[in-house]
Amino acid sequence: MDAKSILEITNSFPFPTVEPPATDGHHDSNAISNHAAAAPRHKANVAYQNEMIRKLREVNVDANNVGWYTSANLGNFINLNMIENQYHYQKELNERTVAIVHDVSRSFQGSLSLRAFRLSPAFMAAYKENKFTIE
């Protein structure tokens with residue numbers, strides 16, 4: 001957990017991938033992308049997270065869910081799915097959860113690019129009251 005304003009993350013695990021159903025024998029690439037982007041809020045994945053935390057505790061690992069992670073390309077990651085995922089985590093789990101963003105393209109240029117984000121209390125209130133749009 002965090003101490004003296006430092007959040008220490010020692011373990012992470014990906015969500016299981018689930019293929020959305022094909023329509024007319026073809027996969028809709030937008031449906032696949034949207035399904036993957038909503039993974040942190042998906043009920044099956046919430047249950048999976050809880051099970052993973054339980055298993056880590058069984059082997060004496062200090063396990064607390066402190067957020068989620070995603071990848072980005074050239075800093076392009078802020079979209080409605082990202083906001084909805086982070087809102088879900090801060091509202092349902094803990095207001096101090098973070099979203100870790102790994103910028104793959106910037107990391108490829110020679111230095112690891114990891115950034116952590118939280119939604120501010122003012123944004124959380126505005127989003128809850130539907131006073132936020134992506135336009």
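A residue is called partly exposed when its relative accessible area lies between the buried range, under 20%, and the exposed range, over 50%. In this predicted model, Lys91 falls into that middle class because its relative accessibility is 49%. Its neighbour in sequence, Glu92, is likewise partly exposed, with a relative accessible area of 48%. Lys91 and Glu92 form a salt bridge in which the closest N and O atoms are 2.9 Å apart.

Side chains of opposite charge can pair when their charged atoms come close. The structure holds six such salt bridges, and two others are worth a walk through here.

The pair formed by Glu51 and Arg54 has its closest N and O atoms 2.4 Å apart. Both residues belong to helix α2 (residues 43-58), where a spacing of three residues separates them by about one helical turn. Glu51 is partly exposed at 31% relative accessibility, and Arg54 is also partly exposed, at 38%.

The salt bridge between Asp103 and Arg106 brings together residues from two accessibility classes. Asp103 is buried, since its relative accessible area is 4%, whereas Arg106 is partly exposed at 37%. For this pair, the closest N and O atoms lie 3.8 Å apart, which still counts as a salt bridge because the cut-off is 4 Å. Elsewhere, pairing extends beyond single partners: Glu51, Arg54, Lys55 and Glu58 are joined into one network by salt bridges that share partners.

Technical notes: Residues numbered from 1 in each chain as written. Predicted model: local features only at pLDDT ≥ 70, side-chain atom pairs only at ≥ 80, totals over all residues. Heavy atoms only, no water. Salt bridge = Lys/Arg side-chain N within 4 Å of Asp/Glu carboxyl O. Helix = DSSP H or I, 4+ residues; strand = E, 2+ residues; numbered from the N terminus. Buried < 20%, exposed > 50% of the residue type's maximum accessible area, 1.4 Å probe, protein only.
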